[in-house]
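Here's a short set of exercises to work through with the model open. Try each one yourself before reading its solution.

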Amino acid sequence: MGMFDGILGGIVGAGMVSVVNSILEQHGGLQGVVGEFEKNGLGPTVRSWVGTGPNQPISPQEVHKALGPDLLRQLAEKSGLSEQDLAQKLSHVLPQAVDKLTPNGTIPKA
């Protein structure tokens, strides 16, 4: 997922690029991340990030639910943040990252 580093770096900041890349890698890419959020009842929210309209917000609790406690724990350890702080940051970063990675309102093919 290194090709996204340049795109993501300007949006989420250098410290969060590796976290977002890890989420993408764990789910097999952007389609997998979107699918995971849909599976966890957050379909309309994640589809708003993919689409060309305004991004719906997501709470840190919803981020935790969608990513699951194990992945969030691993990412928190990797980033040096607490799980709560990481979920808070991701609630701001993920909508922007997914939005920028889907500039035409569609998920690019891998």
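The exercises below go from the overall fold to single residues, and the model is a predicted one.

**Exercise 1. Work out how many helices and strands the chain has, and what pattern they follow.**

Solution. Start by counting: there are 6 helices and 0 strands. Next, read along the sequence, and you get α-α-α-α-α-α. Then check burial: 42% of the 110 residues are buried. Finally, look at the contacts between residues at least 6 apart in sequence: 58% of them join residues at least 24 apart.

**Exercise 2. Find the residues that touch the most other members of the largest nonpolar core, and the helices that feed this core.**

Solution. The core has 30 residues, and V19, I23, F37, W49, L67, L86 and L90 are the ones touching the most other members. Now go helix by helix: at least two core residues come from each of α2 (14-26), α3 (30-50), α4 (60-67), α5 (69-79) and α6. Then zoom in on F37. Skip its neighbours within four places in sequence, and its contacts are L42, G43, V46, W49, I58, A66, L67 and L94.

**Exercise 3. Locate the kink in α6 and list the buried residues of this helix.**

Solution. Helix α6 spans residues 83-101, and its kink of about 35° is centred on L90. Walk along the helix for burial and you collect L86, A87, L90, S91, V93, L94, P95, A97, V98 and L101. So L90 turns up twice here, as the kink centre and as a buried residue.

**Exercise 4. Decide how α4 and α6 are oriented: parallel, antiparallel, perpendicular or oblique?**

Solution. First get the geometry: the two helices pack at about 100°, with axes 8 Å apart. Angles of 65 to 115 degrees count as roughly perpendicular, so α4 and α6 are roughly perpendicular to each other. Next, pick out who makes the contact: P60, V63, H64 and L67 from α4, with E83, A87, Q88, L90 and S91 from α6. Sorted by class, that's 5 nonpolar, 3 polar and 1 charged residues.

**Exercise 5. Is I107 buried or exposed, and which residues does it touch?**

Solution. Find I107 in the segment after α6. Its relative accessibility is 19%, and the cut-off for buried is under 20%, so I107 counts as buried. Leaving out residues up to four places away in sequence, I107 touches L30, Q31, V34, V50 and T102. Take Q31 as one of these: I107 and Q31 are 76 residues apart in sequence, yet their C-alpha atoms are 6.6 Å apart in space.

Terms used. Residues are numbered from 1 along each chain as its sequence is written. This is a predicted model: local features need pLDDT of at least 70, side-chain atom pairs count only at pLDDT 80 or more; totals for chains, interfaces and linings use all residues. Side-chain values use heavy atoms; hydrogens and water are left out. The bend at a residue is the angle between axes fitted to the seven residues ending there and the seven starting there. Helices (H or I, at least four residues) and strands (E, at least two) are DSSP runs, numbered from the N terminus. Buried means under 20% relative accessible area, exposed over 50%, partly exposed in between (1.4 Å probe, protein chains only). A nonpolar core is a set of buried Ala, Val, Leu, Ile, Met, Phe, Trp, Tyr and Cys residues joined through side-chain atoms within 4.5 Å. Contact means heavy atoms within 4.5 Å. Axes are lines fitted to C-alpha atoms, for helices over the stretch in contact, and angles run from 0 to 180 degrees between N-to-C directions. Angles under 35 degrees count as roughly parallel, over 145 as roughly antiparallel, 65 to 115 as roughly perpendicular and the rest as oblique. Ala, Val, Leu, Ile, Met, Phe, Trp, Tyr, Cys and Pro count as nonpolar, Asp, Glu, Lys and Arg as charged, and the others, Gly among them, as polar.
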